[in-house]
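Biologist: I would like a close look at one enclosed space in this model. Please take it first, then set it beside the other spaces.

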Amino acid sequence: MTRTDDTIRWGILATGGIAGAFARDLATLPEGETVAVGSRSPESARRFADAHGIPRAYGSWTELAADPDVDVVYVATPHSAHFEAARVCLEAGKAVLCEKPLTLNLAQARELVELARRRKVFLMEAMWTYCSPVVRRMLELIDDGAVGEVRSVHADFGIAAPDDPAHRLRDPRLGGGALLDLGVYPVSFAHLVLGAPSSVAAWAHLTPEGVDETTGVLLGYDSGAVATLSCSIAAASPTVAAVSGTRGRIELPHGFFAPETFLLHRAGHEPEEVRVPGARDGAGYAHEAAEVMRCLREKETESPLVPLDGTLAVMTTLDAVRERVGVRYPQD
């Protein structure tokens, strides 16, 4: 970045619902400004720009990446296009915040990380859970020994998606299935608390199209801890998480991936509800945007909250789960 002012200027790549939510949240941060949007459709880009007061709209990803006024690009495409979209931006020298999962597989993720590191360009997966002040407070309590030694982690995420073979969640070419769309949250949560596992076991029911409809994952750790995780596009689940230790447990409610509160249970104490002011302003995307802008102002090319090595570790686990349940994509 060559500007002398502190404003970070964003480009948004894609025009779907999550892009709109991000744009609205970013507008609440005085240190950030959305100056451009890019889409494969000029008409879609123009509509999005008009709806969000964005001055420039581009009908290609390349044009967006070439805009000299853009400091960082938020990639909000479906995950099947993350690799191509992020690569275009990184090769143009743009910092990138890319939606989760970073890519479809570990090989693609490694290529992006190597490109970013070689070019010394900022790259971060948009794992908003890791930037949540509530989750950060949870980790502080765990590190301080509030629940003792962690022995188990549980997390689930299930929705009742349309039973339509043409839907993106059931299309292998689009990275369909429960695991990458929803399971990335429970897997990432387990990694956040326990790190990379030493053992991965999994079972899944596959759709006729060959993607996972409902998946169960058991992660084992040398410490003796386990993580029991599940995801589904066939049925809505509680979508909660829990961390259990030798002296207590922490329970995160529905929507654990972007929580407003959690319950701390400690032996000999009444349950304590923990809240953090401003934890869920807007849709919840402001915290990751603020972290990106902090990193750019301090000339960091990786975020300590969402480190690239951690993203690669999660992708390693996701690949291992897909291998065990027999899900392969054309891009593998």
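Biologist: How many residues of the lining of the second largest cavity are nonpolar, polar and charged?

Modeller: The lining of that cavity has six nonpolar residues, two polar and no charged (Ala, Val, Leu, Ile, Met, Phe, Trp, Tyr, Cys and Pro count as nonpolar, Asp, Glu, Lys and Arg as charged, the others, Gly among them, as polar). The model is predicted, and totals for linings use all its residues, whereas local features need pLDDT of at least 70 and side-chain atom pairs 80 or more. Numbering runs from 1 along each chain as its sequence is written, and side-chain values use heavy atoms, without hydrogens or water.

The lining consists of Leu179, Gly183, Pro186, Val187, Val217, Leu229, Ser230 and Cys231 (a cavity is a set of 1 Å grid points where a 1.4 Å probe fits but cannot get out; lining residues have an atom within 4 Å of a point). Helix 8 gives four of these residues, the largest share, and strand 10 (226–232) supplies at least two. The space amounts to about 30 Å³.

The structure holds two cavities of 30 Å³ or more. The largest has a volume of about 50 Å³, and its lining has five nonpolar, four polar and one charged residues. Among them are Trp128, Ser132, Phe257, Arg280 and His287.

Helix 8 (residues 178–194) also gives the most, five residues, to the lining of the largest pocket. This pocket has a volume of about 370 Å³ and 19 lining residues, with Ile18, Glu99, Lys100, Arg168 and Asp181 nearest its centre. The lining of the pocket comprises twelve nonpolar, three polar and four charged residues.

Methods. 1 Å grid on protein atoms, 1.4 Å probe; cavity = no way out; pocket = protein on both sides within 12 Å on 5 of 7 lines; lining within 4 Å. Points joined across faces, edges and corners; volume = space filled by probe spheres on them. Helix = DSSP H or I, 4+ residues; strand = E, 2+ residues; numbered from the N terminus.
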